[in-house]
Amino acid sequence: GTVTYPFTYTDCEGNTHTWTYTYTIEYEDFTMPADAGSTVACHADAVMPDAPVVYDNCGEMLTAVPGEAGGTYDGCEGTVTYPFTYTDCVGNTHTWTYTYTIEYEDFMMPDDMGSTVACYADAVTPTPPEVYDNCGEMLTAVPGETGGTYDGCEGTVTYPFTYTDCEGNTHTWMYTYTI
């Protein structure tokens, strides 16, 4: 808009004239900080970040309005985005976005186990351990083919169990009976 400053001049006879100085205020667009982001291992770590403090071109702090989270997260990996929109008094609008890149990390396995038994009949299928991925999700143990060196009298009988997380990290846990 405009801001006017009128000055009135009056001579000794009472003649009056007004001179006005007019400022035309044309708000200039404001500058946004660069978008930001980070890499996290689990979706649960992709929490809404704090929005940066942004000022309009005249030094007035603007309000960050959070938008709807988005991204490419597929239940395992991908991105999670948090947009924040800033608008100044004349309608200049910009969006700042924080992007989390979710990169699953490999999981840890317990040590293989085993025991010694006297007879082949005692080498029964063991109960596999509970194994969790790097983000605390329990993984399913998939039994493999029984193997070992058992020769009809002595040897070993092995029971493998394979665990795979959503990214495809795979490890096998083995139980070995020594007969």
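User: How many of the 9 residues of strand β1 (residues 2-10) are buried?

Analyst: This is a predicted model, in which local features need pLDDT of at least 70, side-chain atom pairs count only at pLDDT 80 or more, and totals for chains, interfaces and linings use all residues. Residues are numbered from 1 along each chain as its sequence is written, while side-chain values rest on heavy atoms, without hydrogens and water. Strands (E, at least two residues) are DSSP runs numbered from the N terminus, as are helices (H or I, at least four); buried means under 20% relative accessible area, exposed over 50% and partly exposed in between, with a 1.4 Å probe and protein chains only. Strand β1 lies largely in the open, because its number of buried residues is 0.

User: How many bridges join β1 to strand β2 (residues 16-24)?

Analyst: Two strands pair if DSSP finds at least two bridges between them. Y5 stands opposite Y21 in β2. The strands β1 and β2 run antiparallel, and the number of bridges joining them is 9.

User: Which residue in the hairpin of β1 and β2 takes a positive phi near 100°?

Analyst: The hairpin has 5 residues between its strands. The residue with the positive phi near 100° is G14.

User: Which strand gives the largest share of the nonpolar patch?

Analyst: A patch consists of residues with over 30% relative accessible area and no salt bridge (a side-chain nitrogen of Lys or Arg within 4 Å of a carboxyl oxygen of Asp or Glu); like charges are joined within 9 Å, and nonpolar side chains (Val, Leu, Ile, Met, Phe, Trp, Tyr) within 5 Å. Here V3, Y5, F7, Y9, W19, Y21, Y23 and I25 together have about 840 Å² of accessible area, computed by the Shrake-Rupley method with a 1.4 Å probe, only the protein chains shown counting as cover for residues. Both β1 and β2 supply at least two residues each. The largest share, 4 residues, comes from β1.

User: Is Y23 buried or partly exposed, and at what relative accessibility?

Analyst: Y23 lies in strand β2. It counts as partly exposed because its relative accessibility is 46%.

User: Which backbone nitrogen does the side chain of D56 reach at 2.9 Å?

Analyst: D56 is found in the loop between β3 (36-40) and β4 (65-66) and is buried, with a relative accessible area of 8%. Contact means heavy atoms within 4.5 Å; leaving aside neighbours within four places in sequence, D56 is in contact with Y27, F30, L62 and D88. At 2.9 Å, its side chain reaches the backbone nitrogen of C58.

User: Which backbone nitrogen does the side chain of T81 reach at 3.4 Å?

Analyst: T81 is found in strand β5 (residues 78-87) and is buried at 19% relative accessible area. Not counting residues up to four places away in sequence, it touches E68, A69, G70, G71, T97, Y98 and T99. The side chain of T81 reaches, at 3.4 Å, the backbone nitrogen of G71.

User: Which strands stand at the edges of the sheet with the order β3-β6-β5-β4?

Analyst: This open sheet of 4 strands has mixed pairing. Each edge strand has a single partner, so one side of it is left without a neighbour in the sheet; the edge strands are β3 and β4.

User: Which residue in β6 is the bridge partner of Y86?

Analyst: β5 and strand β6 (residues 93-102) pair in the antiparallel sense over 10 bridges. In β6, the bridge partner of Y86 is H94.

User: Which residue in β12 is the bridge partner of M113?

Analyst: Another open sheet has 4 strands in the order β7-β12-β11-β10, with mixed pairing. Its edges are β7 (113-116) and β10 (142-143), each with a single partner strand. β7 and strand β12 (residues 170-178) run parallel and are joined by 4 bridges. In β12, the bridge partner of M113 is Y175.

Conventions. Polar contact = N/O pair within 3.5 Å; in protein donor to acceptor, adjacent residues only side chain to side chain.
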